[in-house]
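The exercises below ask the reader to work from the sequence and the coordinates together, and each task is followed by a solution that goes step by step.

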Amino acid sequence: MNLETLWLALLGLLLAGYFVLGGYDYGAQMLHPFLGRDGQAEKRTSGNAALDAIAPFFLGNEVWLVAFTGVLFGAFPHLEGTLLSGLYPLIVAILAGLVLGNAAIQLRGRARGAGGRRRWDALIVFGGALPAVCWGLVLGLLLHGVPRRADGSFHIGAGDVLTPFVLGCGLTTALLFAAHGAAFVALRSGPEVSLRAARSGALLLRATVAVVCLPLLLTLFGAGASMNNRVTSAVLAVLFAAALAGAWWSLSRGHRVRAFAATSCATALPVLLVGAGHYPYVLTDAAGGGLTIHHAVTDGATLKILSAFGVFLIPVILAYQAWSWWVFRGRTGRRHPSYF
């Protein structure tokens, strides 16, 4: 494996890591108003169950997105220039959702009265749902292939986004992130909230399976994903289906750790599908051409310099993530207090 492929694998690893870690943040935000609502005692103690579950992690998880962006700018400048300019509206929407969601989570506790909290709750849900849907739209566009101009640049318009396949990918990702968030809340919360989160996660996984059938059928009939490596893509699609089935089975039977592991695999696999399914292309058009890794990557000398930093940076990120999980291990309310 050459240096170019290693850096592409690192780029995919960072994005997949963000989907896993940021995905349960989005999911918990979307589910926040719907957990801990039964009984007056629970209203007092677990009304913030979903937020308490993600509280120690939600800002730290964004380190993965920052690292992904850094690798994209440094190692793949030609891909960055083409991709971000074409996806500009969706990227702005993702960032807007991140800012709104993070601000709403931190300001909710300062709201006076139930009305003020409800308004912040709405922003928290919106701040989770908007990035989740937009990331799904981005994946759908990358899987399907984006329009290519005569000069080789890519441009994406509303007509390219508002297609059944891309919209189906957006809704599938939002439902998957919500189920992933439910699995995380079930893993982190007390018994009663955990049970409700597990039931919600199982229902969301069934909805995910139902919705993902649309992009799959469109692909089978030639109107969906356009993959260069079909065997690899088929294997990853089967693994994705197995992860969804395993997560549903685990949540239905109370195996919280297994369920979260399965939803984590399910959220990471779409990123692997884009990278491995299109390789050696990093950006494809509907005709089967596109931008190859050789044309997207920076020069060899720069890659070697970046590699020296990468050898130090990636272990630091992994060590920080492991440390934060260890410090805040255990269920909410036992090892750390309520945050919001």
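**Exercise 1. The long helix and what comes after it**

Task: find the residue that follows α10 and state the sign of its phi, then compare the span of helix α10 with the expected one.

Solution. The model is a predicted one, and the residue to look for after α10 is Gly222, which has a positive phi near 85°. Stepping back into the helix, α10 covers residues 191–220, 30 residues in total. From its first C-alpha to its last, α10 reaches 43 Å, which is close to the 44 Å expected at 1.5 Å a residue.

**Exercise 2. The cavities**

Task: determine how many cavities of 30 Å³ or more the model contains, and describe the lining of the largest cavity by element and by class.

Solution. The count comes to two cavities of 30 Å³ or more, and the largest cavity holds about 70 Å³ of space. Its lining includes Tyr18, Gly22, Asp25, Tyr26 and Gln29, together with Phe58, Glu62, Gly97, Leu98, Gly101, Asn102 and Gly127. The elements that give two or more residues to this lining are α1 (3–31) and α6 (88–108), and α1 gives the most, with five residues. Sorted by class, the lining of the largest cavity has four nonpolar, six polar and two charged residues.

Task: repeat the description for the second largest cavity, giving its volume and the classes of its lining residues.

Solution. The second largest cavity holds about 40 Å³ of space, and the residues lining it are Thr82, Leu83, Gly86, Leu87, Leu142, Val146, Phe154, Ile156 and Leu283. Helix α5 (residues 77–86) supplies the largest share of this lining, three residues. By class, the lining of the second largest cavity consists of seven nonpolar and two polar residues, with no charged residue.

**Exercise 3. Three residues to classify**

Task: decide whether Glu80 is buried or exposed, and list its contacts beyond four places in sequence.

Solution. Glu80 lies in helix α5. Its relative accessible area is 17%, and because buried means under 20%, Glu80 counts as buried. Once neighbours within four places in sequence are left aside, Glu80 is in contact with Leu72, Phe73 and Ser85.

Task: classify Thr284 and Gly145 as buried or exposed, and place each in the secondary structure.

Solution. Thr284 belongs to strand β1 (residues 281–284) and has a relative accessible area of 3%, so Thr284 is buried. Gly145 lies in the loop between α7 (113–144) and α8 (158–161), and at 6% relative accessibility Gly145 is buried as well. With residues up to four places away in sequence not counted, Thr284 touches Leu142, Gly145, Val146, Phe154, Asn228, His278, Gly289 and Gly290. As a check on distance, Gly145 and Pro77 are 68 residues apart in sequence and 20 Å apart in space, C-alpha to C-alpha.

**Exercise 4. The nonpolar core**

Task: identify which residues touch the most other members of the largest nonpolar core, and find the element that gives the most to this core.

Solution. The largest nonpolar core has 103 residues, among which Phe76 and Leu79 touch the most other members. The element that gives the most to this core is α1, with 16 residues. Turning to Phe76 and leaving aside its neighbours within four places in sequence, the residues in contact with Phe76 are Glu4, Trp7, Leu8, Leu11, Val71, Ile293, Ala296 and Val297. As a general point, nonpolar side chains tend to be buried together in soluble globular proteins.

Conventions. Residues numbered from 1 in each chain as written. Predicted model: local features only at pLDDT ≥ 70, side-chain atom pairs only at ≥ 80, totals over all residues. Heavy atoms only, no water. Helix = DSSP H or I, 4+ residues; strand = E, 2+ residues; numbered from the N terminus. Buried < 20%, exposed > 50% of the residue type's maximum accessible area, 1.4 Å probe, protein only. 1 Å grid on protein atoms, 1.4 Å probe; cavity = no way out; pocket = protein on both sides within 12 Å on 5 of 7 lines; lining within 4 Å. Points joined across faces, edges and corners; volume = space filled by probe spheres on them. Nonpolar A, V, L, I, M, F, W, Y, C, P; charged D, E, K, R; others polar. Contact = heavy atoms within 4.5 Å. Expected span 1.5 Å × (residues − 1). Core = buried A, V, L, I, M, F, W, Y, C linked by side-chain atoms within 4.5 Å.
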